[in-house]
Amino acid sequence: MDTLLRHSELAPIAAKLDAQERLSAEDGRLLFSNPNLALVGRLADRARRRLHGRIAWFVRNRHINYTNYCDKTCLFCAFQRTLDSGPEYGGYVLSMDQVRKRLAEPGGEHLREVHVVGGVNPDLPYDYYLDLMHTIREARPGIHIKAFTMVEIDEMARVSGRSHRQVLGDLQAAGLNTMPGGGAEIFSSRLHRKLFHDKIGANAWLSIARCAHELGIKTNATMLYGHVETVEERVEHLIALRELQDRTEGFQAFVPLSFHPDNTPMRKLPKPTAADDLRVIAVSRLLLDNIPHIKAYWIMISRAVAQIALSFGADDVDGTVVEEQIYHDAGADTPEGMTVRELVRLIHDAGCEPVERDALYQELKSDFHDLIEFRPAKTRRAIWSDAMNGSTS
Ligand code: V47
């Protein structure tokens, strides 16, 4: 153990990690409140390197948000349009033709994964969701369909009168492969009452995730942070995920979701800082010892913070994305998509080794020499001297 760590109050946690012992909730609270973020990050980076070395994963994916009509009243959301608001306020439901067109756009043939989520729209019949699966499957037979949060599964069960298990089975038969991790928000019952009282809470979310895992459907998990949650509530959330994962091993990745306040009913709250984002990523890596991947979703935390996050516990940057509405409606100023070249450079310049993956984290490609320009880094003195001499090279 290095000197800084040995003399810090994190020394017992570092010792536990060295001995590959599981961290407790109390350890989680200490990691969230320790003033030395760099030390917390160093611990997380060690854990990340033990699991993944220098690899950082990305996927050629695109998101499709099939509707933004939603009858829920979540205070953190800017994406939702009320059912009576009409298209003049930007409300939409994608037709199957529009879905086909999105998949037929240039580059669509290279997509590995499509990520499909939408609002809770009670006007959609059960068949809409099954048609969506069939349409995507037909348009891109080889594509991996990652679709629907536990919240949407609950809505489909309500509209069809079928159980969660039956709905998941129907979707699987129609082409669903895995599920994203959204809708978990924050498991605290206090915040469920305050922020999203008319949507499923922790028990239902965890129970549907468990059901999906039992059917062999891998999912991700998320936590929405940076609003009014406490450190205790963050830790409680992470430990609940860890406990379910002990039973099912069905979570592939954990995706911390940094709150974007613009255009939401909580718009007066300040945005989480880069330090908040990095700390949540680091503590997640340390507490979630049984979830293989921690995602730094560049759309939410910016490309620059995603790069640093790769040294703070994250091993995955999601992917090309192409079109994104949930965070852009809430004020995200990142682009909506990135090219493979940009992703590869982002990872390479952060000191990691870019590896293209499929949706199940199988390696597809790791040799990107053609995309990375190897220019010897200029010394500061050379940059200064060029600047003084007017060189623009
Ligand atoms: O469930 C909504 C969150 C989630 C805001 O699994 C917001 O690979 C921040 O889950 N500020 C949907 N967050 C997105 C999601 C996701 C994204 C990328 C990858 C994966 C994955 C999953 O976004 C919602 C909600 O928790 N959200 N509004 C907001 N204003």
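**Exercise 1. Sort the shell around the ligand by residue class.**

Solution. Start with the classes: Ala, Val, Leu, Ile, Met, Phe, Trp, Tyr, Cys and Pro count as nonpolar, Asp, Glu, Lys and Arg as charged, and the others, Gly among them, as polar. Sorted this way, the shell holds 11 nonpolar, 9 polar and 4 charged residues.

A word on the model: it is predicted, so local features need pLDDT of at least 70 and side-chain atom pairs pLDDT 80 or more, while totals for chains, interfaces and linings use all residues. Residues are numbered from 1 along each chain as its sequence is written, and side-chain values use heavy atoms, without hydrogens and water.

**Exercise 2. Find which residues come nearest to the ligand, then look for polar contacts.**

Solution. Step one: of the 24 residues around the ligand (a heavy atom within 4 Å), Phe76, Gly183, Glu185, Lys295 and Tyr327 come nearest.

Step two: check polar contacts (pairs of N or O atoms within 3.5 Å).
- Glu185 places a side-chain N or O atom 2.4 Å from a ligand oxygen.
- Phe76 has a backbone N or O atom 2.8 Å from a ligand nitrogen.
- Gly182 has a polar backbone atom 3.3 Å from a ligand oxygen.

Step three: on its own the ligand has 620 Å² of accessible area (Shrake-Rupley method, 1.4 Å probe), and the protein covers 96% of this area.

**Exercise 3. Work out how many helices and strands the protein has, and its extent.**

Solution. Count DSSP runs (helices: H or I, at least four residues; strands: E, at least two): there are 16 helices and 10 strands. Next, take the C-alpha trace along its principal axes: the span is about 65 × 50 × 40 Å.

Notes: Polar contact = N/O pair within 3.5 Å; in protein donor to acceptor, adjacent residues only side chain to side chain.
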